[in-house]
Each structure stands twice: as structure tokens, then as C-alpha cells.
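Got your viewer open and a selection box ready? Let's walk through this one stop at a time.

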Amino acid sequence: MPVLVASDLDRTLIYSAAALALTMPDARAPRLLCVEVHESKPLSYMTETAAQLLTDLGDAAVFVPTTTRTRKQYLRINLPGPAPTYAICANGGHILVDGVSDPDWHAQVTARLADQCAPLAEVQEHLLRSADPVWVRKHRVADDLFAYLVVERELLNEDWVKELAVWAENRGWTVSLQGRKIYAVPKPLTKSAAMREIARRTGADLTLAAGDSLLDADLLLAADQGWRPGHGELADTDWTAPAIRALPERGVLAGERILRELLAAAGLGRFAQELGVR
């Protein structure tokens, strides 16, 4: 029976230049591979070692990139290894099959959102009205499913974020602060539901997951085993659960460690040993 590995991407497997956390001397920094270009500029990286680990994982398990990114944002990433048959985008709003959104799944999701939480238009209007233009740089709607703001983090009013979280909670939405982005996402829109559907389709009898943010918590809890790095919302709140392993590594080296752990847990010991797993 196949092993399914559902992993978040940004700040879990791939990293912007600002998120690399290269604290070692320059001469000892790992070699990096650019895996995303946007507007002709390099945007996201992983280490070359992580790239090999991901290639090995993709050869031997059902690897499912699992992201809050829109379809368009996901499709500009060029991950090493075999092209994944399945991917989860828009926080579970889309299941991509060979790069194309499954219309039946998307219809199920939109029906569930209409039934269980306040409409996107209400949340979008609240964000436009209440967020301070001093620290907001962009207002965005993602695939007509959720909204997010791009902010100047050093100017951000943290109390406003807490107030927004309470306001959203009462309307069936959740709020997540990730780097320079504040996400407002409907509670029924989850990565875990999409992962379960792909596990059903593939017949996977073991599910593994990794992620760093509040929006990954449901994914980690739904998997048989989960991992989180030493940075991000989950680490900042010391979040954990019985089947979750909290790793100490931060930044791009956490991506390497997560992939080693996933390989070992998937029973691929020979690959893991070759690349330093103990």
C-alpha cells in the first residue's frame, strides 16, 4: 500500500531569501537551488541536499505538495523530482490532478463554505474598512475562496490582528499571520479534508505531513505522523500533539531535516542513511 506525504511548501520545504535563516559563517552556508522565479527574479530556494531528498521521496511515495497558495502561485514553483500527480492548493479549495483542478472537489468545497460560514464578501469588506493603510501594502482575494493582506510587518499593529481573529472566529473564519501576510480563511476550508480525499483515491495506508503555520495544524493532526520546524506560528506557540514531532532546526536547514524525517518514516531507510538520517 502506498505512503502519502502531504507537505506544506513555504517555510517548510521552500524558503524566500528573507526566510533562509543562514546563521552560519558564509563559507559554511549550504549550496542553494532556486525553485521559483517570479517576474524574472529568483524567489524561493531549498538546499541542494533537500532537493535530492525530495527527489528520492517523490520516487518512492505519493508526494502531495499542500499549500495555501493559489493555483497560479503554485504552478510557478519548479520542484525537483518527478512531477506530483496530486497537489493541494488554496488551503484545500483545489485538488490538482496533473496540474488541473478537479471540478467535483471544488464544487463540494464551495457548497460547504456557503453552508457553514460567513461569505467572503463580508470578510473582505471588513478587512478593507478596518486595516490601516499605514501598514497595508496589498489587499488580495485568493481563488474566490479566502482573503489576505500583504503588510509592512514592522509597522503592523499586533492588537489589530488579535481583534481580527476574534471577529473572524465568530463568523466561522480563522486568521493566520505568516511573515508579511495576514490570512483570513474559512474554517471549513482545510488542507486535511483534501489530504483525506487523496488518501482515499490512492489507497494510502500511511499518511505523513509537515507544516509550520496555524493553517497546517489540521493537516498535521489528520496525518498518522506530523512534523513542524523550529520556526513559524506553531513553534512560536509551542504547539504540539502526540503524533507531532517538533524539530529544533529553523530556516532552510529545517527543510532538509523534515525531508530526512519523512523518508525515514516512510520506511525508506536506505535513502535516509545515505543522506545522514540517524
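**Stop 1: the parallel sheet**

Start by selecting residues 3-7 and 206-210: these are strands E1 and E12, and they pair in the parallel sense over 5 bridges. Bear in mind that you're looking at a predicted model. If you want one pair to pin the register, pick Leu4, whose bridge partner in E12 is Thr207.

Now widen the selection to the whole sheet. It is an open one with 5 strands, ordered E4-E1-E12-E13-E14, and the pairing is parallel. Colour 62-65 (E4) and 244-246 (E14) differently: these strands stand at the edges with a single partner strand each, so one side of each has no neighbour in the sheet. Look along the strands and you can follow the twist, which averages 15 degrees from one strand to the next.

Next, add helix H6. It packs on this sheet, touching E1, E4 and E12, and its direction makes about 155 degrees with that of E1. Keep H6 on screen for the next stop.

**Stop 2: the antiparallel sheet**

Which strands make up the other open sheet, and in what order? Here there are 3 strands, E5-E6-E7, and the pairing is antiparallel. Select 86-89 for E5 and 100-101 for E7 to see the edge strands, each pairing on one side only. Then add residues 94-97, strand E6, which runs antiparallel to E5 and is joined to it by 4 bridges. Tyr86 is a handy marker, as its bridge partner in E6 is Val97.

H6 (residues 191-202) turns up again here: it packs on this sheet too, touching E5 and E6, with its direction at about 165 degrees to that of E5.

**Stop 3: zoom in on Leu96**

Stay in strand E6 and centre on Leu96. Is Leu96 buried or exposed? With a relative accessible area of 2%, Leu96 is buried, because the cut-off for that is under 20%. Show what surrounds it: leaving aside neighbours within four places in sequence, Leu96 is in contact with Arg71, Tyr74, Leu75, Thr85, Tyr86, Ala87, Cys89 and Ser101. For a distance check, draw a line between the C-alpha atoms of Leu96 and Pro65; they are 31 residues apart along the chain and separated by 9.9 Å.

**Stop 4: a helix pair**

Select 120-130 (H4) and 158-169 (H5). The axes of H4 and H5 come within 12 Å and cross at roughly 155 degrees, and the two helices are therefore roughly antiparallel to each other. The crossing is right-handed.

Switch on side chains to see who meets whom: Glu122, Val123, His126, Leu127 and Ser130 in H4 meet Trp160, Leu164 and Trp167 in H5. Those contact residues divide into 5 nonpolar, 2 polar and 1 charged.

**Stop 5: a hairpin and two positive phi angles**

Move on to residues 136-142 (E8) and 146-151 (E9), which pair in the antiparallel sense over 6 bridges. Arg140 stands opposite Tyr148 in E9. E8 and E9 form a hairpin with 3 residues between them, and Asp143 in the turn has a positive phi of about 50 degrees. Why pause on that? Most residues other than glycine have a negative phi.

Last pick: Ala21, in the loop between E1 and strand E2 (32-38). Ala21 isn't glycine either, yet its phi is a positive value near 55 degrees. At 38% relative accessibility, Ala21 counts as partly exposed.

Technical notes. Residues are numbered from 1 along each chain as its sequence is written. This is a predicted model: local features need pLDDT of at least 70, side-chain atom pairs count only at pLDDT 80 or more; totals for chains, interfaces and linings use all residues. Side-chain values use heavy atoms; hydrogens and water are left out. Axes are lines fitted to C-alpha atoms, for helices over the stretch in contact, and angles run from 0 to 180 degrees between N-to-C directions. Angles under 35 degrees count as roughly parallel, over 145 as roughly antiparallel, 65 to 115 as roughly perpendicular and the rest as oblique. A crossing is left-handed if the near helix is turned anticlockwise from the far one by less than a right angle, and right-handed if clockwise. Contact means heavy atoms within 4.5 Å. Ala, Val, Leu, Ile, Met, Phe, Trp, Tyr, Cys and Pro count as nonpolar, Asp, Glu, Lys and Arg as charged, and the others, Gly among them, as polar. Two strands pair if DSSP finds at least two bridges between them. Buried means under 20% relative accessible area, exposed over 50%, partly exposed in between (1.4 Å probe, protein chains only).
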